[in-house]
Amino acid sequence: MKQVILRHLGCMAALALLTLIMASPLVGGKESAARAVTTHAKTVTVWIQVTDSCKHALAGGTFRVNGPDVANVITKPTSGTALQSLKSKSCPIQHSTCVKVATGCTTATLNVPASGIATYTITIQQPAPGRQQTKNPAYGENWTYAVCQGGSDCSKREVATVHVTASGAISATVLNTYPNGATITWPAPHGTFQGTQSDPIMFHEFGISQFSGPKNQCDGDHDADDYLTGSPGVHCQSNSGRKVPLPPNLIP
């Protein structure tokens, strides 16, 4: 009888221990559930295209992606071997396609939230190479390219805000800060990019001249904002006090 009771107590103790183990967060609790969600999380591909200040798609630029479970991921360089003209009635081009024209296009992979909306940022990392890097005369006066649109002396990088819904739908806008501090959000004056191959998120990089000459001035004092390619815009003056445009790695 005593042996039966001991065996019964031993079984009860083992059952209690097993219950504690299964209740542990390391086995059956929230941590395990979180691992399962991460392992089986859905992703969506977002398409990006970069052009110059008008409508030439640019090859070789990269972008930095940040958001939920994505930290400082750098995209592959935009495709192509040189600049390619796009069809548009306005400058800079507002909407384009990576279906018909692959030049200037790249992609990023974003996580789809289980519910709600996830927000990501995509920022110009390295602007597309110009004539200085490619040695290609087709780039004309575009010696290098800036990290913003509107002038040669940028203070901030162009950045996209991307929203991803639980269904995987994407909506995005791009914020450009001109050299004088004014801003514009694209698509302008309203709307969003879908981030699909047929409606990529559009970035624009202003061409920077090798020289500051009498014909490419913004305000005529031959400093950093006076390395223009093309006509000066109303937002080209920076007043930064710099003599030459900053290299991209020094711009926040």
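**View 1. The link of Cys-148 and Cys-154 is left-handed, with -85 degrees about the S-S bond.** This is a predicted model, in which local features need pLDDT of at least 70 and side-chain atom pairs count only at pLDDT 80 or more, while totals for chains, interfaces and linings use all residues. Residues are numbered from 1 along each chain as its sequence is written, and side-chain values use heavy atoms, with hydrogens and water left out. Back to the view: Cys-148 and Cys-154 make a disulfide with their sulfur atoms 2.1 Å apart (the cut-off for a pair of cysteine sulfur atoms is within 2.5 Å). Both ends, Cys-148 and Cys-154, are buried (under 20% relative accessible area; exposed is over 50% and partly exposed in between, using a 1.4 Å probe and protein chains only).

**View 2. Cys-218 and Cys-236 are joined by a disulfide, S to S 1.9 Å.** The torsion about this S-S bond is about 90 degrees, so the link of Cys-218 and Cys-236 is right-handed. Cys-218 and Cys-236 both sit in the segment after strand E13 (207–208), so the bond ties together parts that are 18 residues apart in sequence. Strands (E, at least two residues) and helices (H or I, at least four) are DSSP runs numbered from the N terminus. As for exposure, Cys-218 and Cys-236 are both buried.

**View 3. Asp-225 is buried, yet has no salt bridge.** You'll find Asp-225 in the segment after E13. A salt bridge would put a side-chain nitrogen of Lys or Arg within 4 Å of a carboxyl oxygen of Asp or Glu, but Arg-242, the nearest side chain of opposite charge, is 8.9 Å from Asp-225. (Lys and Arg count as positive, Asp and Glu as negative; His and the chain ends are not counted.) What the Asp-225 side chain does reach is the backbone nitrogen of Ser-238, at 3.0 Å. Among the residues that Asp-225 touches are Cys-218 and Cys-236, the pair from View 2, along with Ser-152, Asp-153 and Asn-239; touching means heavy atoms within 4.5 Å, and residues up to four places away in sequence are not counted.

**View 4. Cys-54 and Cys-91 form a disulfide with sulfur atoms 1.7 Å apart.** Cys-54 is in the loop between strands E1 (43–51) and E2 (56–57), and Cys-91 in the loop between strands E5 (84–85) and E6 (105–111), so this bond ties together parts that are 37 residues apart in sequence. Cys-54 is partly exposed, at 22% relative accessible area. Cys-91 is partly exposed too, at 47%. Taking the chain as a whole, the disulfide count comes to four, and the bonded cysteines, counted along the chain, follow the pattern 1-2, 3-4, 5-6, 7-8.

**View 5. Two aromatic pairs turn up in a search of the whole structure.** One is Phe-63 with Phe-203, a tilted pair at 4.7 Å centre to centre and 45 degrees between the planes. Phe-63 is in strand E3 (residues 62–67) and Phe-203 in strand E12 (residues 201–204), so the pair ties together parts that are 140 residues apart in sequence. Phe-63 is buried at 0% relative accessible area, and Phe-203 is buried at 0% as well. The rings of Tyr-139 and Tyr-145 have centres 6.4 Å apart and planes at 65 degrees, so that pair is edge-to-face. (Rings of Phe, Tyr and Trp, the last by its six-membered ring, pair if their centres lie within 6.5 Å; planes under 30 degrees apart are stacked, over 60 edge-to-face, the rest tilted.) Tyr-139 is buried at 2%, and Tyr-145 is buried at 3%.

Terms used:
A polar contact is a pair of N or O atoms within 3.5 Å; within protein, one must be able to donate a hydrogen and the other to accept it, and residues adjacent in sequence count only if both atoms are side-chain atoms.
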